[in-house]
Amino acid sequence: MAVNYGGKLGKLKIVAEKLSENWPDQPEKREAVVKEILKPLALQTLKDDFWFYRSYALYVLAMLKCKDAIPEMLPLLQDPDPRVRETARRALQELGYKVK
């Protein structure tokens, strides 16, 4: 499922709607649904202008164990904001990527 989340306003509403529409009865399938909905949003947010959103997107990708997102995460090791660089380092390490 490809999701286009548009602007910042309404993202929470869209995520809530998608969760509501796709929430499985089987608990073992719920993590996959959450990942399917949040991963595209987090990847999009890595390019946000505000440091906090970029940093939180890194955290979400690590929490969801999105190892396939490492190529998109790597540039944030050179982010202008030191808080984002530190979060990128920690998130990549959490995913098993070797970072100094």
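These legends describe close-up views of one predicted model.

**View 1. The whole chain is built from helices.**
The chain has 5 helices and 0 strands. From the N terminus on, the order is α-α-α-α-α. Of its 100 residues, 35% count as buried. The chain exposes about 6700 Å². Carbon and sulfur atoms supply 56% of that area. Among contacts with a separation of 6 or more, 47% join residues 24 or more positions apart.

**View 2. The largest nonpolar core holds 19 residues.**
Leu46, Leu58, Leu61, Met73 and Leu76 have the most contacts inside this core. Helices α3, α4 (70–73) and α5 each supply at least two of its residues. The largest share, 5 residues, comes from α3. In soluble globular proteins, nonpolar side chains tend to be buried together.

**View 3. Leu46 touches residues on both sides of the loop that holds Lys65 and Asp68 in sequence numbering, among them Leu61 and Glu72.**
Leave aside the residues up to four places away in sequence. Leu46 then touches Arg54, Ala57, Leu58 and Leu61. It also touches Glu72, Met73 and Leu76. Leu46, Leu58, Leu61, Met73 and Leu76 are the core residues with the most contacts inside the core.

**View 4. Lys47 sits in the loop between α2 (27–45) and α3.**
Is Lys47 buried or exposed? Lys47 counts as exposed because its relative accessibility is 72%, and the cut-off for exposed is over 50%. Ala57 is 10 residues from Lys47 in sequence. The two C-alpha atoms are 9.4 Å apart in space.

**View 5. Six aromatic residues form a cluster through ring pairs.**
The cluster links Phe50, Trp51, Phe52, Tyr53, Tyr56 and Tyr59. The count of aromatic pairs comes to 7. The rings of Phe50 and Trp51 have their centres 6.2 Å apart. Their planes stand at 55 degrees, so this pair is tilted. The rings of Trp51 and Phe52 have their centres 5.8 Å apart. Their planes stand at 85 degrees, so this pair is edge-to-face. Trp51 is partly exposed, with a relative accessible area of 23%. Phe50 is partly exposed at 41%. Phe52 is also partly exposed, at 41%.

**View 6. A nonpolar patch of about 620 Å² lies on the surface.**
Phe50, Phe52, Tyr53, Tyr56, Tyr59 and Met63 make this patch. One of them, Tyr56, belongs to helix α3 (residues 51–63). Tyr56 has 45% relative accessibility and so counts as partly exposed. Tyr56 is also part of the aromatic cluster.

**View 7. Lys65 has a positive phi in the loop between α3 and α4.**
Phi of Lys65 is near 60 degrees, in a residue other than glycine. At 57% relative accessibility, Lys65 counts as exposed.

**View 8. A salt bridge joins Asp68 and Lys39.**
The structure holds 5 salt bridges, and this is one of them. Its N to O distance is 2.3 Å. Asp68 lies in the loop between α3 and α4, and Lys39 lies in helix α2. The pair therefore ties together parts that are 29 residues apart in sequence. Lys39 is buried, with a relative accessible area of 18%. Side chains of opposite charge can pair when their charged atoms come close.

**View 9. Glu86, Arg89 and Arg90 are linked in a network of salt bridges.**
Glu86 forms a salt bridge with Arg89, the closest N and O atoms being 2.4 Å apart. Arg89 and Glu86 are 3 residues apart in helix α5, so about one helical turn separates them. Glu86 also meets Arg90 in a salt bridge, at 2.8 Å from N to O. Arg90 and Glu86 are 4 residues apart in helix α5, about one turn. How exposed are the partners? Glu86 is partly exposed, at 28% relative accessible area. Arg90 counts as exposed, at 54%.

**View 10. Arg89 makes contacts beyond its sequence neighbours.**
Arg89 is in helix α5 (residues 82–94). Leaving aside neighbours within four places in sequence, Arg89 contacts Leu77, Val99 and Lys100. Lys100 is 11 residues away along the chain. The C-alpha atoms of Arg89 and Lys100 are separated by 7.9 Å. Arg89 is partly exposed, with a relative accessible area of 22%.

Key:
Residues are numbered from 1 along each chain as its sequence is written. This is a predicted model: local features need pLDDT of at least 70, side-chain atom pairs count only at pLDDT 80 or more; totals for chains, interfaces and linings use all residues. Side-chain values use heavy atoms; hydrogens and water are left out. Buried means under 20% relative accessible area, exposed over 50%, partly exposed in between (1.4 Å probe, protein chains only). Contact means heavy atoms within 4.5 Å. Accessible areas come from the Shrake-Rupley method with a 1.4 Å probe; for residues, only the protein chains shown count as cover. Patches are made of residues with over 30% relative accessible area and no salt bridge: like charges are joined within 9 Å, nonpolar side chains (Val, Leu, Ile, Met, Phe, Trp, Tyr) within 5 Å. A salt bridge is a side-chain nitrogen of Lys or Arg within 4 Å of a carboxyl oxygen of Asp or Glu. A nonpolar core is a set of buried Ala, Val, Leu, Ile, Met, Phe, Trp, Tyr and Cys residues joined through side-chain atoms within 4.5 Å. Rings of Phe, Tyr and Trp (its six-membered ring) pair if their centres lie within 6.5 Å; planes under 30 degrees apart count as stacked, over 60 as edge-to-face and the rest as tilted.
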